[in-house]
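Welcome! Take a moment to turn the model around on your screen, and then let us walk through it together.

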Amino acid sequence: MPEGDSIFRAARALQKSLAGKVVTGFETTLAKLASVDDQSPIVGRTVERVEARGKWCLIFFSGDLILLTHMRMSGSWHLYKIGERWQAPRNAMRVVITCGSVHAVGFSVPVAEFHTARSLERSSHVSGLGLDVLDAAYRVGEAARAMREFGRAHPDAEIANVLLNQRVIAGIGNIFKSEIVFAAAVNPFRRMETISDRELERIAEIAQRYMQASVAEEKAQGIATYAGNRSTTGARDRGARLWVYRRQGQECRRCGAIIEMRRQGTGARSTYWCPSCQPWIEAEKPHLTSRESN
Ligand SMILES: [Zn+2]
């Protein structure tokens, strides 16, 4: 699942290769994009910049046109030199933007829309996003407050689901969700009403630290894929990079207890946790007092 860090890396790679260049070729298999291209051609426009917002990638063209894409589970942007062999099947191609000797190819892109600055402003996709965990303007205190506010309105919401809610904090996906609450020693199924301000701050701080570490070490590379080499443990060894994600049945790297997995939330997303490092804490029920039973 592409997370904010993958989109950030993809946008940065696209920015490096395309920004300031004139589009010399545009091809798409998506009817909606093709009809915009027919009416107001992409070729001849300049790529002004490429940005990530949460899990959205925005490619700004001159003449007030923005290509907004979301990769969901399957999509990816690749960069190729002309003549270079593609590393994904031709029939998965949805968009190709060519600038001179470089192709940016969007494979299996499930959501792609052209926008003007104004329609983007109105689009709920981007305008409703919460604080972007990879934005320089992200502040731990502000993110913790956003979670607290959401928790006040939804006291039964489970913390791991809240971390996936892009309207609270944008950019966290399913892998980091489990890794962050493990590092914060918070059980992923705890309800918001049981979580202290201190814990929310810890979660907000770890979220930023993990996601930033994941985008920090990029070397110049040809392909911006989502395969990624994420590490939250700090280990380089392929088998030791993550604390709990996809480690059910194996020993916790901290305490040796057995990591568990359970489906959680509306999308039944897999959640991994250590029952010993992340103990369950029941909600207090202050309203069930003896006075009320009279
Ligand atoms: Zn443990």
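## A first look at the chain

Of the 294 residues in this chain, 51% count as buried. Please keep in mind that you are looking at a predicted model. Its secondary structure comes to 9 helices and 12 strands. If you take the contacts between residues at least 6 apart in sequence, 63% of them join residues at least 24 apart. On the outside, the accessible surface comes to about 14100 Å², and carbon and sulfur atoms account for 49% of that area.

## The zinc site

Which residues are the protein donors of the zinc ion? They are Cys-252, Cys-255, Cys-274 and Cys-277, each through its SG atom, and they lie 2.2 to 2.3 Å from the ion. Along the chain, these donors follow the spacing C-x2-C-x18-C-x2-C. The angles among the 4 donor atoms run from 101 to 113°, and the site is tetrahedral. That label fits because four donors count as tetrahedral if all angles lie between 85 and 135 degrees. Two of the donors can also be placed by their burial: Cys-274 and Cys-277 are both buried.

## Aromatic rings

Now for the rings. The model holds 6 aromatic pairs. One of them is formed by Phe-26 and Phe-114, with ring centres 6.0 Å apart and planes at 45°, so the pair is tilted. This pair links distant parts of the chain: Phe-26 belongs to strand 1 (residues 25–28) and Phe-114 to strand 8 (residues 111–115), 88 residues apart.

Are these two rings buried or exposed? Phe-26 has a relative accessible area of 14%, and Phe-114 also comes to 14%. Buried means under 20%, so Phe-26 is buried and so is Phe-114.

Elsewhere, Tyr-80, Trp-86 and Phe-107 form one aromatic cluster.

## Charges over rings

Finally, have a look at two arginines that sit over aromatic rings. The table lists each arginine with its ring and the distance to the ring centre.

| Arginine | Ring | Distance to ring centre |
|---|---|---|
| Arg-254 | Trp-243 | 4.7 Å |
| Arg-262 | Phe-189 | 3.9 Å |

Arg-254 lies over the face of Trp-243, while in the other case the charged end of Arg-262 is placed over the ring of Phe-189. To find these spots in the model, you can select each arginine together with its ring and view them side-on.

Key:
Residues are numbered from 1 along each chain as its sequence is written. This is a predicted model: local features need pLDDT of at least 70, side-chain atom pairs count only at pLDDT 80 or more; totals for chains, interfaces and linings use all residues. Side-chain values use heavy atoms; hydrogens and water are left out. Donors are N, O and S atoms within 2.8 Å of the metal (3.2 Å for Na, K and Ca); water is not among the atoms, so sites may look incomplete. Four donors count as tetrahedral if all angles lie between 85 and 135 degrees; four count as square planar and six as octahedral if opposite donors are over 155 degrees apart and all others between 65 and 115; anything else is irregular. Buried means under 20% relative accessible area, exposed over 50%, partly exposed in between (1.4 Å probe, protein chains only). Rings of Phe, Tyr and Trp (its six-membered ring) pair if their centres lie within 6.5 Å; planes under 30 degrees apart count as stacked, over 60 as edge-to-face and the rest as tilted. Helices (H or I, at least four residues) and strands (E, at least two) are DSSP runs, numbered from the N terminus. A charge sits over a ring if NZ of Lys or CZ of Arg is within 6 Å of the ring centre and within 35 degrees of the ring normal. Contact means heavy atoms within 4.5 Å. Accessible areas come from the Shrake-Rupley method with a 1.4 Å probe; for residues, only the protein chains shown count as cover.
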